[in-house]
Amino acid sequence: VVVAAKPLPAGQAIPVDALRVEQLTINPTGAFKETAPLAGRVPVIDLGEGSLLLEGQLVSGLALRVSEGERAVAVKADEVMGVGNKVQPGDFVDVFLMLKSDNKDVDRSQARLLLSRKRVLAFGNASVDGLPSKTDKNSNPQAQQRTEAARTVVLAVPVDDINRLTLAENSGRLLLALRNPTDMLEPDPKLFAELPTALQPAPPKPGEPRRAPLEG
């Protein structure tokens with residue numbers, strides 16, 4: 001079985017030279033016989049030298065499906081928002097924001113493209129990691145998705161776009177538009193007006209010089 005040849009800190013990828021194979025009189029559940037499948041995996045707890053490596057000690061699930069610079073974000077979903085429940089994990093979608101006129105902040109009803117070509121990591125009980133549903137471990141999660149109404153959809157979103165997505169979900173209604181995965185076209189962000197800054201300096205006190213506006 002594979003054991004740690006040196007301490008393995010939690011949250012850091014395992015290098016190949018940090019593993020070795022030892023002979024044991026037992027075969028623990030979840031143990032590995034070869035070091036190759038463990039290269040690059042990430043432990044969830046600190047493992048000392050000589051510790052046995054088990055599948056349950058390693059990061060798994062959707063976290064491994066998120067690319068660098070992205071985060072997995074869940075938003076509320078229903079049949080209409082999820083294209084009639086036809087959205088499946090691995091699909092690419094455009095996210096639109098719909099705002100209704102309230103005679104206050106929104107002067108007229110409108111819909112706008114919020115995010116373009118975002119990957120769906122999970123829809124309802126089905127996800128790209130292929131894990132079975134907690135309610136029925138023997139069933140296909142995508143098959144069960146068709147019998148249960150999806151309440152959330154998990155999208156892979158760049159960090160810079162999470163602010164807009166979370167604000168939009170609380171300000172209006174989101175709508176997903178399913179697109180062909182081979183369609184790589186995306187709108188030019190330079191064509192959209194820049195958002196105002198979130199922070200501004202406090203007004204100066206009497207006698208103090210006016211502070212310069214914040215940037216970024």
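**Exercise 1. Where is the place of Val 83?** Locate the residue, then describe its backbone and its exposure.

*Solution.* The model under study is predicted.
Step 1. Val 83 is placed in the loop between β3 and β4.
Step 2. Its backbone has a positive phi of about 55 degrees, although Val 83 is not a glycine.
Step 3. The relative accessible area of Val 83 is 29%. Buried means under 20% and exposed means over 50%, so Val 83 is partly exposed.

**Exercise 2. Describe Arg 117 by the steps used for Val 83.**

*Solution.*
Step 1. Arg 117 is placed in strand β5.
Step 2. Arg 117, which is not a glycine, has a positive phi of about 50 degrees.
Step 3. The relative accessibility of Arg 117 is 15%. Since buried means under 20%, Arg 117 counts as buried.

**Exercise 3. Determine how the buried and exposed residues of helix α2 are arranged.**

*Solution.*
Step 1. Helix α2 spans residues 159-171, and its residues Asp 161, Ile 162, Leu 165 and Ala 168 are buried.
Step 2. Viewed down the axis of α2, the buried residues fall within an arc of 140 degrees, so they line one face of the helix.
Step 3. The face turned away from this buried side carries the exposed residues Asp 160, Asn 163, Leu 167, Asn 170 and Ser 171.
Step 4. The buried residues of α2 are covered by elements including β3 (70-76), β4 (92-99), β5 (110-123), β7 (152-158) and β8 (173-179).

**Exercise 4. Which residues of the largest nonpolar core touch the most other members?** Name them, and then identify the elements that contribute to the core.

*Solution.*
Step 1. The largest nonpolar core has 23 residues, of which Val 95, Leu 114, Val 153, Leu 165 and Leu 174 touch the most other members.
Step 2. Two or more residues of this core come from each of β3, β4, β5, β7, α2 and β8.
Step 3. Another core, of 11 residues, lies apart from the largest one; Leu 8, Ile 14, Leu 19 and Leu 47 are among its members.
Step 4. Val 153 serves as an example of a core member. With neighbours within four places in sequence left aside, the contacts of Val 153 include Val 73, Met 81, Val 120, Phe 123 and Leu 176.

**Exercise 5. How many salt bridges does a search of the whole structure find?** Examine three of them by distance, position and exposure.

*Solution.*
Step 1. The search finds eight salt bridges.
Step 2. In the bridge between Lys 6 and Asp 17, the closest N and O atoms are 3.9 Å apart. Both residues lie in the loop between β1 (2-4) and β2 (19-21), so the pair ties together parts 11 residues apart in sequence. Lys 6 is partly exposed at 37% relative accessibility, whereas Asp 17 is exposed at 57%.
Step 3. Arg 41 and Glu 55 meet in a salt bridge with an N to O distance of 2.9 Å. Both partners belong to the loop between β2 and β3, 14 residues apart. Arg 41 is buried at 18% relative accessibility, and Glu 55 is partly exposed at 33%.
Step 4. The closest N and O atoms of the salt bridge between Asp 78 and Arg 173 are 3.2 Å apart. Asp 78 lies in the loop between β3 and β4 and Arg 173 in strand β8, so this pair ties together parts 95 residues apart in sequence. Asp 78 is partly exposed at 29% relative accessibility, and Arg 173 is partly exposed at 35%.
Step 5. Asp 94, Arg 179 and Asp 183 are joined into one network by salt bridges that share partners.

Methods. Residues numbered from 1 in each chain as written. Predicted model: local features only at pLDDT ≥ 70, side-chain atom pairs only at ≥ 80, totals over all residues. Heavy atoms only, no water. Buried < 20%, exposed > 50% of the residue type's maximum accessible area, 1.4 Å probe, protein only. Helix = DSSP H or I, 4+ residues; strand = E, 2+ residues; numbered from the N terminus. Arc of directions from axis to C-beta. Contact = heavy atoms within 4.5 Å. Core = buried A, V, L, I, M, F, W, Y, C linked by side-chain atoms within 4.5 Å. Salt bridge = Lys/Arg side-chain N within 4 Å of Asp/Glu carboxyl O.
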